Amino acid sequence: MGSARRDRQDRLDSDAEASRSRRFCHVRARQIYPVLHSVLPPSLSPLPDKALLRQEQSDDSLYYRQSETMAGSKPQRRVLLLCGDYMEDYEVMVPFQALLAYGVSVDAVCPGKKAGDACRTAVHQMGAHQTYSESWGHNFTLNATFAEIEFNAYDGLVIPGGRAPEYLAMDQSVVDLVSKFSHAGKPIASICHGQLILAAANVVKGRKCTAFAPVGPVLIAAGAHWVEPENMSLCITDGNLVTGVAYTGHPEFIQSFVKALGGSITGSEKRILFLCGDYMEDYEVTVPFQSLQALGCHVDAVCPKKKSGDTCPTAIHDFEGDQTYSEKPGHDFTLTADFEGLDASSYDALVIPGGRAPEYLALDGKVIALVKDFMEAKKPVASICHGQQILSAAGVLKGKKCTAYPAVKLNVVLAGATWLEPDPIDRCFTDGNLVTGAAWPGHPEFISQLMALMGIKVTF
(Lines give C-alpha, C1' and ligand atoms only; values in the text may rest on other atoms or scores of the structure.)
Protein backbone atom coordinates (compact mmCIF):
# COMPACT_ATOMS: atom_id res chain seq x y z
CA MET A 1 0.00 0.00 0.00
CA GLY A 2 2.86 2.37 0.84
CA SER A 3 4.37 1.89 -2.63
CA ALA A 4 1.01 2.49 -4.29
CA ARG A 5 0.54 5.73 -2.34
CA ARG A 6 4.02 6.91 -3.31
CA ASP A 7 3.34 6.13 -7.00
CA ARG A 8 0.07 8.04 -6.82
CA GLN A 9 1.79 11.02 -5.16
CA ASP A 10 4.51 10.98 -7.84
CA ARG A 11 1.81 11.16 -10.50
CA LEU A 12 0.12 14.04 -8.70
CA ASP A 13 3.44 15.88 -8.34
CA SER A 14 4.13 15.31 -12.06
CA ASP A 15 0.73 16.69 -13.04
CA ALA A 16 1.23 19.74 -10.82
CA GLU A 17 4.66 20.51 -12.30
CA ALA A 18 3.38 20.10 -15.87
CA SER A 19 0.45 22.38 -15.08
CA ARG A 20 2.71 25.16 -13.79
CA SER A 21 5.11 24.94 -16.72
CA ARG A 22 2.34 24.97 -19.31
CA ARG A 23 0.23 27.70 -17.69
CA PHE A 24 1.84 30.22 -20.02
CA CYS A 25 0.51 28.38 -23.10
CA HIS A 26 -2.94 27.91 -21.63
CA VAL A 27 -3.26 31.59 -20.76
CA ARG A 28 -2.41 32.40 -24.37
CA ALA A 29 -5.00 29.84 -25.51
CA ARG A 30 -7.68 31.54 -23.44
CA GLN A 31 -6.79 34.82 -25.15
CA ILE A 32 -6.79 33.35 -28.66
CA TYR A 33 -9.79 31.01 -28.69
CA PRO A 34 -12.62 33.43 -27.84
CA VAL A 35 -11.42 35.72 -30.63
CA LEU A 36 -11.34 32.93 -33.21
CA HIS A 37 -14.73 31.54 -32.16
CA SER A 38 -16.33 34.96 -32.57
CA VAL A 39 -15.22 35.48 -36.16
CA LEU A 40 -15.18 32.00 -37.76
CA PRO A 41 -18.31 30.33 -39.19
CA PRO A 42 -19.55 27.21 -37.34
CA SER A 43 -18.04 24.88 -39.94
CA LEU A 44 -14.60 26.29 -39.17
CA SER A 45 -15.04 26.98 -35.46
CA PRO A 46 -11.92 26.09 -33.45
CA LEU A 47 -14.03 24.74 -30.58
CA PRO A 48 -13.67 20.97 -30.09
CA ASP A 49 -15.74 18.53 -32.10
CA LYS A 50 -17.18 16.14 -29.46
CA ALA A 51 -17.30 13.17 -31.83
CA LEU A 52 -13.67 13.72 -32.79
CA LEU A 53 -12.65 14.05 -29.15
CA ARG A 54 -14.36 10.74 -28.38
CA GLN A 55 -12.45 9.21 -31.30
CA GLU A 56 -9.21 10.65 -29.95
CA GLN A 57 -9.85 9.24 -26.49
CA SER A 58 -10.42 5.74 -27.87
CA ASP A 59 -7.51 5.75 -30.34
CA ASP A 60 -4.18 4.67 -28.86
CA SER A 61 -2.25 5.14 -32.10
CA LEU A 62 0.56 7.62 -32.69
CA TYR A 63 -1.91 10.10 -34.22
CA TYR A 64 -2.89 11.66 -30.91
CA ARG A 65 0.20 11.00 -28.86
CA GLN A 66 1.59 13.94 -26.97
CA SER A 67 5.33 13.89 -26.59
CA GLU A 68 6.70 11.69 -23.83
CA THR A 69 8.73 14.65 -22.64
CA MET A 70 5.79 17.04 -22.36
CA ALA A 71 3.18 14.68 -20.92
CA GLY A 72 3.19 11.67 -18.66
CA SER A 73 6.67 12.00 -17.17
CA LYS A 74 7.79 13.91 -14.09
CA PRO A 75 9.88 17.01 -14.91
CA GLN A 76 13.51 16.19 -14.20
CA ARG A 77 14.66 19.69 -13.28
CA ARG A 78 12.94 22.91 -12.26
CA VAL A 79 14.24 26.31 -13.35
CA LEU A 80 13.32 29.92 -12.57
CA LEU A 81 13.20 32.51 -15.37
CA LEU A 82 13.65 36.08 -14.11
CA CYS A 83 11.58 38.44 -16.27
CA GLY A 84 10.86 42.15 -16.55
CA ASP A 85 9.27 44.62 -18.92
CA TYR A 86 11.23 45.15 -22.13
CA MET A 87 13.46 42.13 -21.74
CA GLU A 88 14.70 41.03 -25.17
CA ASP A 89 12.05 38.99 -26.98
CA TYR A 90 14.25 36.08 -28.14
CA GLU A 91 16.27 36.06 -24.91
CA VAL A 92 13.24 35.13 -22.86
CA MET A 93 11.21 32.91 -25.19
CA VAL A 94 13.91 30.74 -26.77
CA PRO A 95 15.36 29.39 -23.49
CA PHE A 96 11.87 29.19 -21.96
CA GLN A 97 10.38 26.99 -24.67
CA ALA A 98 13.59 25.07 -25.41
CA LEU A 99 13.92 23.97 -21.78
CA LEU A 100 10.25 22.99 -21.64
CA ALA A 101 10.74 20.90 -24.78
CA TYR A 102 13.67 19.13 -23.11
CA GLY A 103 11.49 18.15 -20.13
CA VAL A 104 12.55 20.92 -17.73
CA SER A 105 9.87 22.67 -15.67
CA VAL A 106 10.21 26.46 -16.05
CA ASP A 107 8.55 29.15 -13.91
CA ALA A 108 8.60 32.66 -15.39
CA VAL A 109 8.26 35.42 -12.78
CA CYS A 110 8.53 39.21 -12.53
CA PRO A 111 8.67 41.39 -9.40
CA GLY A 112 5.34 43.09 -8.76
CA LYS A 113 3.45 40.77 -11.12
CA LYS A 114 1.61 37.49 -10.75
CA ALA A 115 0.88 34.42 -12.87
CA GLY A 116 -1.22 35.38 -15.89
CA ASP A 117 0.17 38.92 -16.08
CA ALA A 118 2.21 39.89 -19.14
CA CYS A 119 5.58 41.53 -19.65
CA ARG A 120 6.30 43.63 -22.69
CA THR A 121 9.32 42.48 -24.69
CA ALA A 122 11.68 44.33 -27.00
CA VAL A 123 13.17 43.35 -30.36
CA HIS A 124 16.84 44.36 -30.34
CA GLN A 125 19.08 43.98 -33.36
CA MET A 126 22.17 45.53 -34.83
CA GLY A 127 21.96 47.41 -38.11
CA ALA A 128 23.61 50.35 -39.82
CA HIS A 129 23.56 52.48 -36.69
CA GLN A 130 26.15 52.70 -33.93
CA THR A 131 24.05 50.68 -31.49
CA TYR A 132 21.08 48.32 -31.63
CA SER A 133 17.59 49.38 -32.65
CA GLU A 134 14.51 48.59 -30.57
CA SER A 135 10.89 47.85 -31.42
CA TRP A 136 8.04 46.15 -29.60
CA GLY A 137 8.06 42.38 -29.41
CA HIS A 138 5.56 39.75 -28.33
CA ASN A 139 3.70 39.99 -25.03
CA PHE A 140 5.17 37.36 -22.70
CA THR A 141 2.72 35.81 -20.21
CA LEU A 142 4.10 34.86 -16.79
CA ASN A 143 3.20 31.43 -15.41
CA ALA A 144 4.17 31.94 -11.76
CA THR A 145 4.10 34.66 -9.09
CA PHE A 146 7.33 36.28 -7.89
CA ALA A 147 6.05 36.77 -4.33
CA GLU A 148 5.38 33.03 -4.03
CA ILE A 149 8.86 31.82 -5.05
CA GLU A 150 10.29 29.03 -2.93
CA PHE A 151 14.02 29.18 -3.60
CA ASN A 152 14.71 25.59 -2.56
CA ALA A 153 12.30 24.28 -5.20
CA TYR A 154 14.57 25.37 -8.08
CA ASP A 155 17.65 23.80 -9.61
CA GLY A 156 18.78 26.78 -11.68
CA LEU A 157 18.16 30.37 -12.76
CA VAL A 158 17.98 32.03 -16.20
CA ILE A 159 18.27 35.81 -16.64
CA PRO A 160 17.33 37.25 -20.07
CA GLY A 161 18.81 40.49 -21.36
CA GLY A 162 17.21 43.53 -22.93
CA ARG A 163 16.40 46.66 -20.95
CA ALA A 164 14.65 44.93 -18.04
CA PRO A 165 17.91 44.19 -16.14
CA GLU A 166 18.60 47.92 -15.83
CA TYR A 167 15.76 48.33 -13.37
CA LEU A 168 15.69 44.80 -11.98
CA ALA A 169 19.27 45.33 -10.76
CA MET A 170 17.90 48.10 -8.51
CA ASP A 171 15.35 45.76 -6.90
CA GLN A 172 16.68 44.35 -3.60
CA SER A 173 14.38 41.31 -3.74
CA VAL A 174 15.88 40.40 -7.12
CA VAL A 175 19.45 40.96 -5.92
CA ASP A 176 18.83 38.80 -2.82
CA LEU A 177 17.33 36.02 -4.93
CA VAL A 178 20.27 35.92 -7.33
CA SER A 179 22.69 35.91 -4.40
CA LYS A 180 20.94 32.86 -2.96
CA PHE A 181 21.33 30.93 -6.21
CA SER A 182 25.00 31.86 -6.39
CA HIS A 183 25.83 31.02 -2.77
CA ALA A 184 24.06 27.66 -3.14
CA GLY A 185 26.20 26.86 -6.20
CA LYS A 186 23.12 26.40 -8.39
CA PRO A 187 23.55 27.00 -12.15
CA ILE A 188 22.89 30.56 -13.29
CA ALA A 189 22.67 31.44 -16.99
CA SER A 190 22.64 35.15 -17.83
CA ILE A 191 22.80 36.79 -21.23
CA CYS A 192 23.40 40.23 -22.75
CA HIS A 193 22.41 42.95 -20.22
CA GLY A 194 21.34 40.34 -17.66
CA GLN A 195 24.84 40.50 -16.19
CA LEU A 196 23.97 43.92 -14.71
CA ILE A 197 21.94 41.96 -12.17
CA LEU A 198 24.88 39.64 -11.48
CA ALA A 199 27.07 42.65 -10.80
CA ALA A 200 24.48 44.19 -8.48
CA ALA A 201 24.26 40.88 -6.58
CA ASN A 202 28.06 40.83 -6.15
CA VAL A 203 28.38 37.32 -7.61
CA VAL A 204 30.93 37.96 -10.38
CA LYS A 205 34.00 38.85 -8.34
CA GLY A 206 36.91 36.67 -9.50
CA ARG A 207 34.69 34.94 -12.08
CA LYS A 208 35.27 34.79 -15.83
CA CYS A 209 32.29 36.19 -17.70
CA THR A 210 31.21 38.03 -20.80
CA ALA A 211 28.21 40.15 -21.80
CA PHE A 212 27.04 42.65 -24.38
CA ALA A 213 30.09 44.92 -24.71
CA PRO A 214 28.69 48.08 -23.00
CA VAL A 215 28.10 45.99 -19.85
CA GLY A 216 31.83 45.29 -19.63
CA PRO A 217 32.83 48.32 -17.52
CA VAL A 218 30.22 47.43 -14.89
CA LEU A 219 31.46 43.84 -14.66
CA ILE A 220 35.09 44.95 -14.42
CA ALA A 221 34.16 47.38 -11.62
CA ALA A 222 32.40 44.49 -9.87
CA GLY A 223 35.65 42.47 -9.92
CA ALA A 224 34.90 40.08 -12.78
CA HIS A 225 37.54 38.65 -15.09
CA TRP A 226 36.08 40.26 -18.20
CA VAL A 227 36.19 38.26 -21.44
CA GLU A 228 35.95 40.61 -24.41
CA PRO A 229 33.20 39.47 -26.82
CA GLU A 230 35.01 38.87 -30.10
CA ASN A 231 31.66 37.96 -31.63
CA MET A 232 27.98 38.12 -30.62
CA SER A 233 27.77 34.34 -30.15
CA LEU A 234 30.40 34.05 -27.42
CA CYS A 235 29.50 32.17 -24.25
CA ILE A 236 31.66 31.59 -21.18
CA THR A 237 31.19 28.97 -18.46
CA ASP A 238 32.93 29.39 -15.11
CA GLY A 239 31.76 26.84 -12.57
CA ASN A 240 28.02 27.28 -12.05
CA LEU A 241 27.95 30.54 -14.03
CA VAL A 242 27.09 30.64 -17.75
CA THR A 243 27.22 34.03 -19.48
CA GLY A 244 26.50 34.99 -23.07
CA VAL A 245 26.77 38.09 -25.24
CA ALA A 246 23.50 38.02 -27.18
CA TYR A 247 20.77 35.76 -28.55
CA THR A 248 22.84 34.66 -31.53
CA GLY A 249 24.77 32.59 -28.98
CA HIS A 250 21.68 30.81 -27.67
CA PRO A 251 22.66 27.34 -28.94
CA GLU A 252 25.84 27.20 -26.85
CA PHE A 253 24.24 29.22 -24.02
CA ILE A 254 21.30 26.81 -23.63
CA GLN A 255 23.39 23.68 -24.13
CA SER A 256 25.89 24.85 -21.48
CA PHE A 257 23.06 25.49 -19.03
CA VAL A 258 21.55 22.05 -19.67
CA LYS A 259 24.94 20.49 -18.94
CA ALA A 260 25.30 22.61 -15.78
CA LEU A 261 21.95 21.18 -14.66
CA GLY A 262 23.42 17.70 -15.10
CA GLY A 263 21.80 16.98 -18.43
CA SER A 264 23.11 14.84 -21.27
CA ILE A 265 21.97 14.80 -24.91
CA THR A 266 21.88 11.71 -27.14
CA GLY A 267 20.85 11.05 -30.72
CA SER A 268 21.52 14.59 -31.92
CA GLU A 269 23.76 13.76 -34.89
CA LYS A 270 20.97 14.88 -37.23
CA ARG A 271 20.79 17.32 -40.14
CA ILE A 272 17.61 19.41 -40.21
CA LEU A 273 16.35 21.78 -42.90
CA PHE A 274 14.15 24.84 -42.29
CA LEU A 275 12.01 26.13 -45.16
CA CYS A 276 11.93 29.92 -44.75
CA GLY A 277 10.34 32.90 -46.44
CA ASP A 278 9.79 36.62 -45.95
CA TYR A 279 7.47 37.43 -43.04
CA MET A 280 7.45 33.99 -41.50
CA GLU A 281 6.48 34.27 -37.82
CA ASP A 282 9.44 35.41 -35.71
CA TYR A 283 9.16 32.85 -32.90
CA GLU A 284 8.11 30.03 -35.24
CA VAL A 285 11.44 30.05 -37.03
CA THR A 286 13.93 31.00 -34.32
CA VAL A 287 12.64 29.05 -31.31
CA PRO A 288 12.77 25.61 -32.98
CA PHE A 289 15.87 26.55 -35.00
CA GLN A 290 17.97 27.47 -31.96
CA SER A 291 16.41 24.76 -29.76
CA LEU A 292 17.56 22.10 -32.22
CA GLN A 293 20.98 23.71 -32.57
CA ALA A 294 21.32 23.67 -28.78
CA LEU A 295 20.84 19.91 -28.89
CA GLY A 296 23.85 19.63 -31.21
CA CYS A 297 21.94 19.15 -34.47
CA HIS A 298 23.21 20.63 -37.73
CA VAL A 299 20.43 23.01 -38.78
CA ASP A 300 20.22 24.84 -42.11
CA ALA A 301 17.75 27.52 -43.17
CA VAL A 302 16.96 28.17 -46.84
CA CYS A 303 14.61 30.41 -48.82
CA PRO A 304 13.79 30.35 -52.55
CA LYS A 305 15.72 32.95 -54.58
CA LYS A 306 18.04 33.67 -51.63
CA LYS A 307 21.51 32.53 -50.60
CA SER A 308 23.43 31.76 -47.44
CA GLY A 309 23.99 35.00 -45.53
CA ASP A 310 20.88 36.69 -46.92
CA THR A 311 18.16 37.62 -44.47
CA CYS A 312 14.40 37.15 -44.27
CA PRO A 313 12.29 39.73 -42.42
CA THR A 314 9.99 38.13 -39.86
CA ALA A 315 6.59 39.05 -38.47
CA ILE A 316 5.51 39.12 -34.82
CA HIS A 317 1.98 37.73 -34.57
CA ASP A 318 0.17 38.20 -31.27
CA PHE A 319 -3.34 38.61 -29.88
CA GLU A 320 -3.94 42.02 -28.37
CA GLY A 321 -7.74 42.38 -28.25
CA ASP A 322 -8.54 42.63 -31.96
CA GLN A 323 -10.62 40.13 -33.93
CA THR A 324 -7.50 38.54 -35.36
CA TYR A 325 -3.78 38.59 -34.61
CA SER A 326 -1.78 41.79 -34.79
CA GLU A 327 1.46 42.05 -36.75
CA LYS A 328 4.62 43.91 -35.86
CA PRO A 329 8.09 43.78 -37.43
CA GLY A 330 10.26 41.02 -35.99
CA HIS A 331 13.97 40.23 -36.10
CA ASP A 332 15.75 39.71 -39.39
CA PHE A 333 16.59 36.01 -39.74
CA THR A 334 19.87 35.04 -41.42
CA LEU A 335 19.84 32.07 -43.81
CA THR A 336 22.61 29.49 -43.53
CA ALA A 337 22.48 27.73 -46.94
CA ASP A 338 21.58 28.27 -50.59
CA PHE A 339 18.19 27.11 -51.85
CA GLU A 340 19.43 26.49 -55.38
CA GLY A 341 21.34 23.26 -55.69
CA LEU A 342 20.04 21.99 -52.36
CA ASP A 343 20.47 18.25 -51.79
CA ALA A 344 17.36 17.29 -49.83
CA SER A 345 18.64 13.73 -49.42
CA SER A 346 21.40 14.99 -47.11
CA TYR A 347 18.86 16.07 -44.45
CA ASP A 348 17.07 13.92 -41.89
CA ALA A 349 14.07 16.18 -41.25
CA LEU A 350 12.20 19.26 -42.52
CA VAL A 351 10.65 22.09 -40.47
CA ILE A 352 8.14 24.57 -41.91
CA PRO A 353 7.48 27.74 -39.85
CA GLY A 354 4.20 29.62 -40.06
CA GLY A 355 3.44 33.29 -40.47
CA ARG A 356 2.63 34.88 -43.83
CA ALA A 357 5.48 33.30 -45.81
CA PRO A 358 3.62 30.02 -46.52
CA GLU A 359 0.98 31.91 -48.53
CA TYR A 360 3.44 32.60 -51.32
CA LEU A 361 5.82 29.69 -50.78
CA ALA A 362 2.89 27.36 -51.50
CA LEU A 363 2.87 28.73 -55.06
CA ASP A 364 6.52 27.82 -55.73
CA GLY A 365 6.96 24.57 -57.66
CA LYS A 366 10.44 23.95 -56.24
CA VAL A 367 9.11 24.30 -52.70
CA ILE A 368 6.33 21.83 -53.46
CA ALA A 369 8.82 19.36 -54.93
CA LEU A 370 11.06 19.68 -51.86
CA VAL A 371 8.18 18.95 -49.47
CA LYS A 372 7.08 15.96 -51.55
CA ASP A 373 10.63 14.57 -51.44
CA PHE A 374 10.63 14.56 -47.64
CA MET A 375 7.13 13.13 -47.33
CA GLU A 376 7.69 10.39 -49.91
CA ALA A 377 10.93 9.41 -48.16
CA LYS A 378 8.94 9.26 -44.89
CA LYS A 379 11.42 11.55 -43.19
CA PRO A 380 10.15 13.59 -40.22
CA VAL A 381 8.32 16.75 -41.31
CA ALA A 382 7.22 19.31 -38.68
CA SER A 383 4.92 22.14 -39.74
CA ILE A 384 3.26 24.79 -37.59
CA CYS A 385 0.51 27.40 -37.87
CA HIS A 386 0.13 28.55 -41.52
CA GLY A 387 2.92 26.21 -42.65
CA GLN A 388 0.23 23.63 -43.40
CA GLN A 389 -0.80 25.79 -46.38
CA ILE A 390 2.34 24.44 -48.05
CA LEU A 391 1.53 20.85 -47.10
CA SER A 392 -1.99 21.30 -48.48
CA ALA A 393 -0.69 22.71 -51.77
CA ALA A 394 1.79 19.84 -52.05
CA GLY A 395 -1.00 17.28 -51.88
CA VAL A 396 0.66 15.34 -49.05
CA LEU A 397 -2.13 15.58 -46.45
CA LYS A 398 -4.66 13.19 -47.96
CA GLY A 399 -5.51 10.55 -45.38
CA LYS A 400 -3.44 12.28 -42.70
CA LYS A 401 -4.64 13.53 -39.34
CA CYS A 402 -3.30 16.96 -38.49
CA THR A 403 -3.93 20.36 -36.99
CA ALA A 404 -2.95 23.93 -37.92
CA TYR A 405 -3.82 27.48 -37.04
CA PRO A 406 -7.65 27.31 -36.97
CA ALA A 407 -8.05 29.72 -39.89
CA VAL A 408 -6.11 27.23 -42.07
CA LYS A 409 -8.70 24.49 -41.40
CA LEU A 410 -10.26 25.01 -44.85
CA ASN A 411 -6.93 24.30 -46.59
CA VAL A 412 -6.36 21.18 -44.52
CA VAL A 413 -9.85 19.73 -44.97
CA LEU A 414 -9.96 20.42 -48.72
CA ALA A 415 -6.58 18.67 -49.01
CA GLY A 416 -8.20 15.47 -47.74
CA ALA A 417 -6.89 15.44 -44.18
CA THR A 418 -8.79 14.72 -40.99
CA TRP A 419 -8.87 17.92 -38.97
CA LEU A 420 -7.76 17.71 -35.33
CA GLU A 421 -8.85 20.61 -33.15
CA PRO A 422 -5.97 22.44 -31.47
CA ASP A 423 -7.79 22.94 -28.21
CA PRO A 424 -5.94 24.28 -26.31
CA ILE A 425 -3.88 26.17 -28.87
CA ASP A 426 -0.61 24.62 -27.65
CA ARG A 427 -1.73 21.11 -28.62
CA CYS A 428 0.33 19.29 -31.25
CA PHE A 429 -0.13 15.96 -33.01
CA THR A 430 2.03 13.31 -34.64
CA ASP A 431 0.75 11.11 -37.49
CA GLY A 432 3.47 8.81 -38.78
CA ASN A 433 6.32 11.04 -39.93
CA LEU A 434 4.26 14.25 -39.68
CA VAL A 435 4.19 16.62 -36.67
CA THR A 436 1.73 19.51 -36.80
CA GLY A 437 1.05 22.39 -34.43
CA ALA A 438 -1.33 25.35 -34.39
CA ALA A 439 0.78 28.25 -33.15
CA TRP A 440 3.94 29.23 -31.28
CA PRO A 441 2.54 28.59 -27.76
CA GLY A 442 2.77 24.91 -28.75
CA HIS A 443 6.52 24.96 -29.42
CA PRO A 444 7.45 22.77 -26.43
CA GLU A 445 5.24 19.93 -27.66
CA PHE A 446 6.09 20.65 -31.30
CA ILE A 447 9.84 20.43 -30.70
CA SER A 448 9.67 17.47 -28.32
CA GLN A 449 7.51 15.45 -30.72
CA LEU A 450 9.99 16.11 -33.51
CA MET A 451 12.79 15.07 -31.14
CA ALA A 452 10.95 11.82 -30.46
CA LEU A 453 10.65 11.05 -34.18
CA MET A 454 14.38 11.64 -34.62
CA GLY A 455 15.40 9.70 -31.52
CA ILE A 456 16.87 12.71 -29.69
CA LYS A 457 16.75 12.57 -25.89
CA VAL A 458 17.72 14.86 -23.02
CA THR A 459 18.21 13.09 -19.70
CA PHE A 460 19.30 14.30 -16.26
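Hi everyone, let's start with charges: a search of the whole structure turns up 12 salt bridges. Before I go on, please keep in mind that this is a predicted model. I'll walk you through three of those pairs, then a small sheet, then the largest pocket.

The pair I like to begin with is Asp-278 and Lys-306, whose side chains meet in a salt bridge at 2.6 Å, N to O. This pair ties together distant parts of the chain, 28 residues apart. Asp-278 sits in the loop between strand 13 (271-275) and strand 14 (280-281), while Lys-306 belongs to the loop between strand 15 (298-302) and strand 16 (311-318). Is Lys-306 buried or exposed? Lys-306 has 18% relative accessibility, so it counts as buried, the cut-off being under 20%. Asp-278, with a relative accessible area of 24%, is partly exposed.

Next come Lys-270 and Glu-269, with a salt bridge between their side chains at 3.7 Å, N to O. Here Lys-270 is buried at 17% relative accessible area, whereas Glu-269 is exposed at 62%.

The third pair is Lys-114 with Asp-117, a side-chain salt bridge at 3.7 Å, N to O. Lys-114 is partly exposed, with 48% relative accessible area, and Asp-117 is partly exposed too, at 24%.

Now for the sheet. We mentioned strands 14 and 16 a moment ago, as neighbours of those loops. Both belong to an open sheet of 3 strands, ordered 14-16-17, with mixed pairing. Which strands stand at the edges? Strand 14 and strand 17 do, and each has a single partner strand, so one side of each is left without a neighbour in the sheet. Between strand 16 and strand 17 the pairing is antiparallel and runs over 7 bridges. One detail you can find on screen: Asp-318 has Ser-326, in strand 17, as its bridge partner.

Strand 17 also takes us to the pocket. Strand 17 (326-334) supplies at least two residues of the lining of the largest pocket, and so does each of helix 3 (89-101), strand 4 (118-125) and helix 9 (282-294). How much space lies in this pocket? About 550 Å³. There are 25 lining residues, and those nearest the centre are Tyr-90, Tyr-247, Thr-248, Asp-332 and Thr-334. For those of you thinking about chemistry, the lining divides into 10 nonpolar, 12 polar and 3 charged residues.

That's my tour; thanks for listening, and I'm happy to rotate the model for anyone.

How values were computed. Residues numbered from 1 in each chain as written. Predicted model: local features only at pLDDT ≥ 70, side-chain atom pairs only at ≥ 80, totals over all residues. Heavy atoms only, no water. 1 Å grid on protein atoms, 1.4 Å probe; cavity = no way out; pocket = protein on both sides within 12 Å on 5 of 7 lines; lining within 4 Å. Points joined across faces, edges and corners; volume = space filled by probe spheres on them. Helix = DSSP H or I, 4+ residues; strand = E, 2+ residues; numbered from the N terminus. Nonpolar A, V, L, I, M, F, W, Y, C, P; charged D, E, K, R; others polar. Salt bridge = Lys/Arg side-chain N within 4 Å of Asp/Glu carboxyl O. Buried < 20%, exposed > 50% of the residue type's maximum accessible area, 1.4 Å probe, protein only. Pairing = 2+ DSSP bridges.
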